[in-house]
Amino acid sequence: MIAWKIEEKVAEYAKERNLCTKGDRVIVALSGGADSVALLRVLLSIGVECSALHCNFGLRGAESNRDEAFVRNLCNQWGVALKVKQFDVASYEREHKVSTEMACRELRYMWFEDERREQGVKAIAVAHHYDDNVETFFLNMLRGTGIQGLTGIRARNGYVIRPLLCVSREEIEAYLNEIAQDYMVDSTNLENDFKRNKIRNVLIPTLNKLFPEYAAGVSRTLQNLQGCNEFYQNAVDALRAKAVEYEDDNVVKIKTEPLREMKCGRETAIFELIKGFGFNSYTAELINRAIDDSRNVGIQFLSDSYCLTIGREELEVFRVEDEDYTEVRVNLNDLLQADDDRVGFTASLESKKKGEKRINGIDGKRTVALSVKILEENPEMIIRRWLIGDFISPFGMNGSKLLSDLFADNKYSAYQKQKARILTLANDEIFGDRTVLWVMNLRASRHYAVGADDESYVKLTMK
């Protein structure tokens with residue numbers, strides 16, 4: 001009787017949420033534990049066509065091999081096609097600098113998706129159940145999270161489905177007991193080394209003892225929060241449509257006026273708009289304080305891959321590549337002999353008429369001309385990003401000008417400043433590598449300018 005009720009309950013839940021139904025083909029993530037074994041048996045019973053995948057991470061020695069053997073026997077018994085894969089978790093951890101738990105998760109889901117595509121099935125079914133949902137609620141709450149983190153586990157996430165979210169661990173064990181189905185027990189689930197296990201083995205049993213009806217209350221809370229989250233996300237989407245402009249594939253601008261108009265929740269709104277670029281809630285707090293004061297214009301924040309700059313009317317966000325911080329040293333004599341893919345320009349030796357003051361084809365922006373004297377006196381050069389305090393002695397002008405002022409005069413955005421490259425002398429006796437010969441694509445220096453009596457010059461041309 002228990003078995004029939006649970007199968008009916010799962011079938012109805014899966015149909016209501018468009019997860020799977022009779023005749024659909026899905027892949028079951030089969031670990032051999034009670035949850036995944038129950039998932040396989042239930043789906044087979046309600047007419048879903050199943051194949052299975054088993055991950056052997058080799059982290060529990062003989063126990064891992066025991067689980068694999070059990071899964072093989074189970075699938076053979078029920079005529080379920082099975083694929084097993086072993087993973088080098090330690091190498092993945094080192095390469096990607098992630099925890100063991102995260103390494104296993106990423107490896108597992110990458111393989112699942114590869115197999116889903118190859119087999120052409122509707123979805124990947126994983127065995128999260130109601131108790132997992134409750135655990136996730138408490139885990140996220142203790143970590144500190146927003147409203148989305150409190151909504152629990154979704155029944156569908158892309159091609160990943162969770163048909164067992166409607167049943168508890170107690171129901172699963174009762175189901176397997178009634179149909180006389182064995183399963184494997186992962187000994188690490190009985191330990192309290194991880195936060196989730198402490199919630200599972202300590203907190204929830206205590207709550208169940210003190211407040212027997214707690215589960216029903218948490219269930220109602222999760223449902224309410226899911227509705228609140230939908231409403232909240234609609235508000236965020238409306239703000240994003242009003243405030244965010246995608247200038248091109250590289251630059252995103254977030255208008256600050258719609259944020260300044262907000263009477264409450266501004267910090268949260270800022271976080272929602274910037275979190276997709278790897279910025280955290282603390283950065284949102286700092287930005288919230290900064291955008292009302294014009295003295296903060298130009299302040300930058302960095303995430304792992306993006307730079308965010310506070311402007312007068314917007315926040316400018318752009319991806320930061322490793323090459324943005326890379327210096328390239330080059331010898332101009334070598335560059336005349338062979339092109340160098342590391343630099344953004346070519347060099348050639350050109351001739352001119354003696355007495356000619358203006359050289360055709362030299363615009364001082366994309367093309368510059370240097371006296372051949374540089375080949376003997378200072379051929380070593382550096383191509384790098386500009387730094388605060390850099391200045392140029394512009395060709396055709398007296399005195400010098402800070403590059404920051406030059407960029408401001410030409411209305412350079414933060415992204416353009418980040419991508420700007422300058423050519424400097426590598427070994428200037430006075431200024432070291434701060435003698436700027438060329439702000440590429442913008443302005444040339446008067447250093448090593450070509451004289452009227454020169455009959456040849458070095459031409460640098462941007463690619």
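Two strands count as paired if DSSP finds at least two bridges between them. The legends below concern a predicted model.

**Figure 1. The whole protein chain, with 16 helices and 21 strands.**
The chain holds 463 residues, and 44% of them count as buried. The C-alpha trace spans about 105 × 55 × 40 Å along its principal axes. A compact globule of 463 residues would have a radius of gyration near 23 Å, but this chain has 32 Å. Contacts reach along the sequence. Of those between residues at least 6 apart, 68% join residues at least 24 apart.

**Figure 2. An open sheet of five strands.**
The strand order is S12-S15-S18-S19-S20, and the pairing is antiparallel. Which strands stand at the edges? They are S12 (328-331) and S20 (443-444). Each has a single partner strand, so one side of each is left without a neighbour in the sheet. In a regular strand, side chains alternate between the two faces of the sheet.

**Figure 3. Bridges from S18 to S19 and on to S20.**
Strand S18 covers residues 421-425 and is joined to S19 by three bridges. These two strands run antiparallel. One bridge partner of note is Val439 in S19, which pairs with Ile422. Val439 also has a bridge partner in S20, namely Arg443. The chain of partners thus reads Ile422, Val439, Arg443 across the three strands. Strand S19 (residues 436-439) and S20 pair in the antiparallel sense over two bridges. Trp438 has Ala444 of S20 as its bridge partner.

**Figure 4. The hairpin of S19 and S20.**
How many residues lie between the two strands of this hairpin? There are three. Asn441 sits in the turn, with a positive phi of about 75°. S20 is also an edge strand of the five-stranded sheet.

**Figure 5. Asp390 and its contacts.**
Asp390 lies in the loop between strand S15 (380-385) and strand S16 (391-392). Is this residue buried or exposed? Asp390 is buried, at a relative accessible area of 1%. The cut-off for buried is under 20%. Leaving out residues up to four places away in sequence, Asp390 touches Arg384, Leu402, Leu403, Ile422 and Arg434. Ile422 is 32 residues from Asp390 along the chain, and their C-alpha atoms are separated by 9.8 Å. Ile422 is also the bridge partner of Val439 in S19.

**Figure 6. Ser371 and Tyr448, in contact.**
Ser371 is found in strand S14 (residues 367-371). Ser371 counts as buried, at 3% relative accessibility. Beyond residues up to four places away in sequence, Ser371 touches Tyr448, Ala449, Val450 and Asp454. Tyr448 is placed in the loop between S20 and strand S21 (456-462). At 18% relative accessibility, Tyr448 counts as buried. Phi of Tyr448 is near 55°, a positive value in a residue other than glycine.

**Figure 7. Asn18 in a loop.**
This loop runs between helix H1 (2-16) and strand S1 (25-29). Asn18 is exposed, with a relative accessible area of 53%. The cut-off for exposed is over 50%. Phi of Asn18 is positive, near 55°, and Asn18 is not glycine.

**Figure 8. Thr136 in helix H6.**
Helix H6 covers residues 130-143. Thr136 is buried there, at 9% relative accessible area. What does Thr136 touch, not counting residues up to four places away in sequence? The contacts are Ile153 and Arg196. Thr151 is 15 residues from Thr136 in sequence, and the C-alpha to C-alpha distance is 8.9 Å.

**Figure 9. The second largest pocket, with a volume of about 620 Å³.**
The lining comprises 23 residues. Nearest the centre lie Gly298, Thr309, Tyr412, Ala414 and Lys417. Four elements give two or more residues to the lining: strand S10 (306-310), strand S11 (314-319), helix H15 (403-409) and helix H16 (414-419). How do the lining residues divide into nonpolar, polar and charged? Nine are nonpolar, seven polar and seven charged.

Conventions. Residues are numbered from 1 along each chain as its sequence is written. This is a predicted model: local features need pLDDT of at least 70, side-chain atom pairs count only at pLDDT 80 or more; totals for chains, interfaces and linings use all residues. Side-chain values use heavy atoms; hydrogens and water are left out. On a 1 Å grid over the protein atoms alone, a cavity is a set of points where a 1.4 Å probe fits but cannot get out, and a pocket is an open set with protein on both sides within 12 Å along at least five of seven lines; lining residues have an atom within 4 Å of a point. Grid points are joined across faces, edges and corners, and a volume is the space filled by probe spheres set on the points. Ala, Val, Leu, Ile, Met, Phe, Trp, Tyr, Cys and Pro count as nonpolar, Asp, Glu, Lys and Arg as charged, and the others, Gly among them, as polar. The radius of gyration is taken over C-alpha atoms; the globule rule is 2.2 Å times the number of residues to the power 0.38. Buried means under 20% relative accessible area, exposed over 50%, partly exposed in between (1.4 Å probe, protein chains only). Contact means heavy atoms within 4.5 Å.
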